[in-house]
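This report describes the surroundings of selected residues, the nonpolar core and the confidence of the model. Please consult the sequence and structure shown here while reading.

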Amino acid sequence: MTETPEERADLVATVEEIRARDFASLDPVLVGEILAVQHRFAEDRSEARKRTDQIINRWAARQLASGADS
């Protein structure tokens, strides 16, 4: 089943609404990157998982580096 651009926009908006309401301290850019990679590799779960791990690791490294600067 093919997802329309409107359906994708609705999904992104819903995820952002939940993030803002329940997980406000969670970086919205991080969530958006994870959502995009999960969508892009929906048919290849192992690739989606690998790329999600990479996104999280890069984000965590940036957090550590910015904390070291403080």
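In this predicted model, R19 is in contact with A24, L26, D27, P28 and V31, when neighbours within four places in sequence are set aside. R19 belongs to helix α1, which spans residues 5-22. Its relative accessibility is 10%, so R19 counts as buried, the cut-off for that class being under 20%.

Helix α1 also holds I18. Because its relative accessible area is 35%, I18 is partly exposed. Together with F23 and L26, I18 makes a nonpolar surface patch of about 250 Å². L26 thus appears both in this patch and among the contacts of R19.

The largest nonpolar core consists of 5 residues, namely L30, V37, F41, A48 and I55. Two or more of these residues come from each of the elements α2 (28-40) and α3 (45-69). In soluble globular proteins, nonpolar side chains tend to be buried together. One member of the core, V37, touches A48, R51, T52 and I55, with residues up to four places away in sequence not counted. Of these partners, A48 and I55 are themselves listed in the core.

The confidence of the prediction is as follows. The protein chain has a mean pLDDT of 92, and 94% of its residues reach 70 or more. Among its elements, the lowest and highest means are tabulated below.

| Element | Mean pLDDT | Rank among elements |
|---|---|---|
| α3 | 93 | lowest |
| α2 | 95 | highest |

The two tabulated helices are also the elements that give two or more residues to the largest nonpolar core.

How values were computed
Residues numbered from 1 in each chain as written. Predicted model: local features only at pLDDT ≥ 70, side-chain atom pairs only at ≥ 80, totals over all residues. Heavy atoms only, no water. Helix = DSSP H or I, 4+ residues; strand = E, 2+ residues; numbered from the N terminus. Buried < 20%, exposed > 50% of the residue type's maximum accessible area, 1.4 Å probe, protein only. Contact = heavy atoms within 4.5 Å. Core = buried A, V, L, I, M, F, W, Y, C linked by side-chain atoms within 4.5 Å. pLDDT = per-residue confidence, 0-100. Patch = residues over 30% accessible without salt bridge, like charges linked within 9 Å, V, L, I, M, F, W, Y side chains within 5 Å. Areas by Shrake-Rupley, 256 points an atom, 1.4 Å probe, with all protein chains shown as cover. Salt bridge = Lys/Arg side-chain N within 4 Å of Asp/Glu carboxyl O.
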